Structure formats: structure tokens, C-alpha cells
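Visitor: I'd like to learn how to read a structure like this one. Could you take me through it feature by feature?

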Amino acid sequence: MRKIIFLPESFNVKTHKPQTHWMIDAALFAGFLVSFWLDLTGVSLHQWLGVAVAALAGYHLLAHWNWVEAVTARLFGQTSGQARRYYLVDAGVLAGFLTILATGLVISTWLALPLGNYAAWLNVHIVASIVTVGLVVLKIGMHWRWIAATARRIVSPPAPAGKTAPVRPAPAAGRREFLKLMGIVGLAAALAASNTLDSFTNVQGEESVTEESSATSSSQSSSSKTAVSGSQSSTACVIRCNRGCAFPGHCRKYVDSDGNNRCDLGECA
Ligand code: HEM
Ligand code: HEM
């Protein structure tokens, strides 16, 4: 027997104006992109922002729940190719968001789990973010006509009923509009992904340097991320992170045992 989920009226896509949906989608995309700039937000705000973006994505999904139910029921039966494509991309985006949220919580300062393979979890978090932003760009490309038409309604709203407005035919969404939208969206996503790729390489660099340091100094524990100190000889001292953070640092590994307001992992004193 098919289970029917009753959602409150406020979740129904049809009860909202398209303009409201447009704003929600834009906020979702903007929040998602800002989450890539950890250097800008710091870890604490990043975590809250990530949860807020995931919650907004959940709302967005519930708002389209009727569509999801209808297409799910007919996915292997009679439904259009377009609906199947949308469904496939949406499923990918959902899987991406769930992976980002789950790995984010595992590495979060909230749970502060004693992870032996922290870098591996962080890498999955970063790779999932990059793949998902690519899928979101694809999704935006698939909905570009709706996005462009609704943006036009926001900029110049239709005259209220009863008032006579000068008859002005609405310009059809054209190739140039598509290129403009995808240019802005694609550039923003590429900037976010490239900023993260930089961090991804940093994490790999940190890992290999940590291994190197454990090989050169047997007295130093390989899992310890805080072992570099000014008291060590300069030959044993290795730069473990090339970000050179000043207080409060960009990640939870920030440590300043010599109290000079710079992360010890990025300096040899
Ligand atoms: C940054 C993230 C996202 C953006 C920018 C975005 C954008 C959009 C846009 C522009 C539409 C069409 C217009 C509308 O009615 O709102 C749409 C529809 C839809 N979205 Fe998203 N979305 C995002 C994330 C998600 C997530 C995580 C899901 C979860 C599965 C999802 C599921 C859906 C569904 C089911 C539809 C209706 C079917 C369709 O047309 O694809 N979206 N989204
Ligand atoms: C929209 C969702 C999210 C996106 C796109 C995202 C993306 C990223 C990216 C790209 C990084 C690496 C940044 C860098 O090192 O410069 C990162 C790191 C991190 N994220 Fe997220 N994230 C999201 C949600 C979350 C959530 C919900 C949490 C936890 C509740 C979280 C926790 C963390 C933590 C702890 C780090 C590592 C900080 C460090 O040690 O360097 N993220 N995230």
C-alpha cells in the first residue's frame, strides 16, 4: 500500500509565488557557495552555515515533494525523459548534500571525535562538495528558462489586476540570457571549487610532511598534530601546514604553544 505523506500547506510548492521560490533557491545557492570559503567564515560559522544550508535544502526538497512522489511512482513507467533527467540529477544532489552533512558532522568541533584518519574524512567532505557544486550548476542549467523568466518578473513585476499597463510583450528567454546566467553561476562555482582544491592539496601536503617528520624523528608521535615547538632543534622542525594562520586560525588544528599568535604548525622557531 502506498504511504501518503501529508505536508503542511506552507510546504506546498503551489502555495508560494515563483518569486518566493526563486529567492529561496538563490539563498540556497549563495549559502552553499559561501560554505566553500572557510578562510572567510572560520570553522564555527562554517559549521552553522553548513547546517543552515542543509536545512534550507531540506525545505526546498519538501516544497517539491508532490513532484517527487509523482515521478517516483512513474519512474519506470510512463514519464517524460526530462522528468527522469531532473530526478537523476536531484538524486545526485541529495546524495551529495547528505555526504557533506554526515562527513562535516564527523570532523566537526562539536563532536570532536578522536579520528585517526581525520584527513581522509576531510577529503571526502571536500570532494563531495566539489562534485555537488558541479551537479548544482547542471541543475541550474536545466532550469535556466524558469530562473530567467522569474528573475524578469522580480525586476519588473506584472501590473496588478484591474490596472491597465502598457502592452509590452515579455521578451523571450534567449541564448544570450542562458550564456549570461551560466557564465555567472559557472564562474562562481569554479572559484569556489578552485579555492577548495587549494585546501585539498594543502591537506595532502600536510599528510606527507607529517609522515616525513615521523620518519626523521622517532621520538615524535606520528599522530600528534601539535608536536612542533620552538624547543626542538631546527633539523627536526618541519612546516606542517603552509597556510601560516594567525590567531584564531582557519581550522581546528590551530595551536600556538609559544604564544606568538601564529600557528606553530606553520612555523619553525
Ligand atoms: C544549492 C542547491 C540547490 C539549488 C540552487 C536548487 C535549485 C533548484 C531550482 C532552480 C529548481 C526549479 C525551480 C523551483 O521550483 O524551485 C529546483 C527544483 C527542484 N529541486 Fe533543487 N536546488 C538545490 C538543491 C536541491 C536538493 C538538495 C534537492 C534534494 C533532492 C533538490 C530537489 C529539487 C526537486 C525535487 C525539484 C523539483 C524537480 C525539478 O524540477 O528538478 N534541490 N531546484
Ligand atoms: C553546505 C555544506 C558544506 C560545504 C559546501 C562544505 C565545504 C567545506 C570545504 C570546502 C571545506 C575545506 C575548506 C578549507 O579547508 O579551506 C570544509 C571543511 C570543514 N567543514 Fe564543511 N562544508 C559544508 C558543511 C559542513 C557542516 C554541516 C559541517 C559540520 C557541522 C562542516 C564542518 C567542516 C569542518 C570541521 C571542516 C574542516 C576544518 C579544518 O579542520 O580545516 N561542514 N567544508
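Visitor: Let's start small: where is the place of Gly 50?

Guide: Gly 50 sits in helix α2. Helices here are DSSP runs of H or I with at least four residues, strands are runs of E with at least two, and both are numbered from the N terminus. Before we go on, this is a predicted model, in which local features need pLDDT of at least 70, side-chain atom pairs count only at pLDDT 80 or more, and totals for chains, interfaces and linings use all residues. Residues are numbered from 1 along each chain as its sequence is written, chains are lettered from A and ligands numbered from 1 in the order written, and side-chain values use heavy atoms, with hydrogens and water left out.

Visitor: Is Gly 50 buried, exposed or partly exposed?

Guide: Buried means under 20% relative accessible area, exposed means over 50%, and partly exposed is in between (1.4 Å probe, protein chains only). Gly 50 has 25% relative accessibility, so it counts as partly exposed. Its C-alpha atom is separated by 9.7 Å from that of Phe 36, 14 residues apart along the chain.

Visitor: On to the metals. Which residues are the protein donors of the iron atom of ligand 1?

Guide: Donors are N, O and S atoms within 2.8 Å of the metal (3.2 Å for Na, K and Ca), and water is not among the atoms, so sites may look incomplete. For the iron atom of ligand 1, the protein donors are His 60 (NE2) and Lys 139 (NZ), 2.0 to 2.1 Å away. His 60 is in helix α2 (residues 38-63) and Lys 139 in helix α5 (residues 118-142), so this pair ties together parts 79 residues apart in sequence. Both His 60 and Lys 139 are buried.

Visitor: And what is the geometry of the site of the iron atom of ligand 1?

Guide: The ideal angles for six octahedral donors are 90 or 180 degrees. In practice, six donors count as octahedral if opposite donors are over 155 degrees apart and all others between 65 and 115. The site of the iron atom of ligand 1 is octahedral, with angles of 74 to 179° among its six donor atoms.

Visitor: What about the iron atom of ligand 2?

Guide: Its protein donors are His 46 (NE2) and His 125 (NE2), lying 2.0 to 2.1 Å from the iron. That site is octahedral too, with angles of 86 to 179° among six donor atoms. His 46 belongs to helix α2 and His 125 to helix α5, so they tie together parts 79 residues apart in sequence. Both histidines, His 46 and His 125, are buried.

Visitor: How many salt bridges does a search of the whole structure find?

Guide: Side chains of opposite charge can pair when their charged atoms come close. The cut-off puts a side-chain nitrogen of Lys or Arg within 4 Å of a carboxyl oxygen of Asp or Glu. The search finds two. In one, Asp 90 pairs with Lys 139, with the closest N and O atoms 2.6 Å apart. That pair links distant parts of the chain, Asp 90 in helix α4 and Lys 139 in helix α5, 49 residues apart. Asp 90 counts as partly exposed because its relative accessibility is 24%, while Lys 139, at 18%, counts as buried.

Visitor: Which side chains meet in a salt bridge at 3.2 Å, N to O?

Guide: Those of Glu 177 and Arg 152. Glu 177 is in helix α7 and Arg 152 in helix α6, so the pair ties together parts 25 residues apart in sequence.

Definitions and conventions. Four donors count as tetrahedral if all angles lie between 85 and 135 degrees; four count as square planar and six as octahedral if opposite donors are over 155 degrees apart and all others between 65 and 115; anything else is irregular.
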